[in-house]
Amino acid sequence: KFTVSIGISEVHHTVGDLPVAWLQARDALSGIFYGDSRVSVYLRQTEQQRATVQNPAYRLIDGIVDALRQGDSEKAVCGLEDLLQSYRVHQTAIEQVKTTGMLLCSACCRLLSSCRQEESAQEEYAQEDGELETYRRIQDSKSLHRLSDVLRDRIRRTAETLRTCRKPEHPLVREIGLFIRANYNKPINLQKMAEHVHVNGSYLSSLYKKQTGEALIDALNRYRIDRAKQLLKEPGKKVLEVAQAVGIEDPAYFTHVFTRYAGVSPKEYRMNGDSSR
């Protein structure tokens, strides 16, 4: 009462090739993860083919998290399907796929931790929707179909929890959100935002933090960095130009802020995609 999975290497002709043959046979087992057959044959990938799946994968995680932040769970699920399809097409190594799943899970949990919940709601989440349990389910997944179910469940639970814990938006918070989106590419600060809504800066900062669970300057910087990520995908854009386009004149400060919110420097993001802190 057990199942045998078989990975088959390329043809080799000497005993000295056995280590290579063994590695290929092991890599071939990844193919079983993507289908119903228990037998899979090794397919050689070039370095270029391996690289093509890296950048889109991390950027697709960005899109999933952004969709959840905006309350669009269906868009987030579509992003997940695109992500897994890119892995299916490239027959990516199982451990890499699972690692990406864990990064996505971690990003979902960070979204939830920023949501201001009552203690009873926090206890319910800890008992029924724990992060460690999701990690275990990811590791135990024996097929891409099963992993897809686990991650889709995580996304929908996250979206539901975010919906139930978010308070109705305060008019000042809504107005500041619109102001940031319209003026992020200008040298704005807390004082200018406060002047725009005709309130004291300390009051605005305190109100925004109470209503959203996030500091106002963090909200501004996070929006700027989200926009910068989009601009960095354009090959012709220099980092200095991207910094100026999102309202940060000092390139060194831009690199500092980008690294803080994205987890990697602008140059690393451009080369490898978001490493998802």
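Q: Is Thr100 buried or exposed?
A: In this predicted model, Thr100 has a relative accessible area of 3%. Buried means under 20% relative accessible area, so Thr100 counts as buried.

Q: Where in the secondary structure is Thr100, and which residues is Thr100 in contact with beyond its neighbours within four places in sequence?
A: Thr100 belongs to helix H5, which spans residues 94–113. With those sequence neighbours set aside, its contacts are Ile61, Leu83 and Tyr87.

Q: How is a residue such as Lys209 to be read, with a relative accessible area of 41%?
A: Values over 50% would be exposed and values under 20% buried, with partly exposed in between. Lys209, at 41%, is therefore partly exposed. Its place is in helix H11.

Q: How many residues separate Lys209 and Ala219 in sequence, and what is their C-alpha to C-alpha distance?
A: Sequence separation and spatial separation are two separate readings. For Lys209 and Ala219, the first is 10 residues and the second is 9.8 Å, taken from C-alpha to C-alpha.

Q: At what angle do helix H10 and helix H11 pack?
A: A helix pair is described by an angle and an axis distance. Helix H10 (residues 190–197) and helix H11 (residues 201–212) pack at about 90°, and their axes are 9 Å apart. An angle of 65 to 115 degrees counts as roughly perpendicular, so H10 is roughly perpendicular to H11.

Q: Which residues meet where H10 packs against H11?
A: From H10 come Leu190, Met193, Ala194 and Val197. On the H11 side they meet Gly201, Leu204 and Ser205.

Q: Which residues make the nonpolar surface patch of about 570 Å²?
A: A patch is read by its members first, then by the elements that supply them. Phe2, Val4, Ile6, Ile8, Val39 and Val41 make this one. Strand E1 (6–8) contributes at least two residues to the nonpolar patch, and so does strand E2 (39–41). Val4 lies in the segment before E1.

Q: What do the totals for the chain come to, in helices and strands and in buried residues?
A: The chain has 15 helices and two strands. Of its 277 residues, 40% are buried. The accessible surface is about 15,900 Å², and carbon and sulfur atoms account for 53% of that area.

Q: What share of contacts in the chain join residues at least 24 apart?
A: The count is restricted to contacts between residues at least 6 apart in sequence. Among these, 66% join residues at least 24 apart.

Conventions:
Residues are numbered from 1 along each chain as its sequence is written. This is a predicted model: local features need pLDDT of at least 70, side-chain atom pairs count only at pLDDT 80 or more; totals for chains, interfaces and linings use all residues. Side-chain values use heavy atoms; hydrogens and water are left out. Helices (H or I, at least four residues) and strands (E, at least two) are DSSP runs, numbered from the N terminus. Buried means under 20% relative accessible area, exposed over 50%, partly exposed in between (1.4 Å probe, protein chains only). Contact means heavy atoms within 4.5 Å. Accessible areas come from the Shrake-Rupley method with a 1.4 Å probe; for residues, only the protein chains shown count as cover. Patches are made of residues with over 30% relative accessible area and no salt bridge: like charges are joined within 9 Å, nonpolar side chains (Val, Leu, Ile, Met, Phe, Trp, Tyr) within 5 Å. A salt bridge is a side-chain nitrogen of Lys or Arg within 4 Å of a carboxyl oxygen of Asp or Glu. Axes are lines fitted to C-alpha atoms, for helices over the stretch in contact, and angles run from 0 to 180 degrees between N-to-C directions. Angles under 35 degrees count as roughly parallel, over 145 as roughly antiparallel, 65 to 115 as roughly perpendicular and the rest as oblique.
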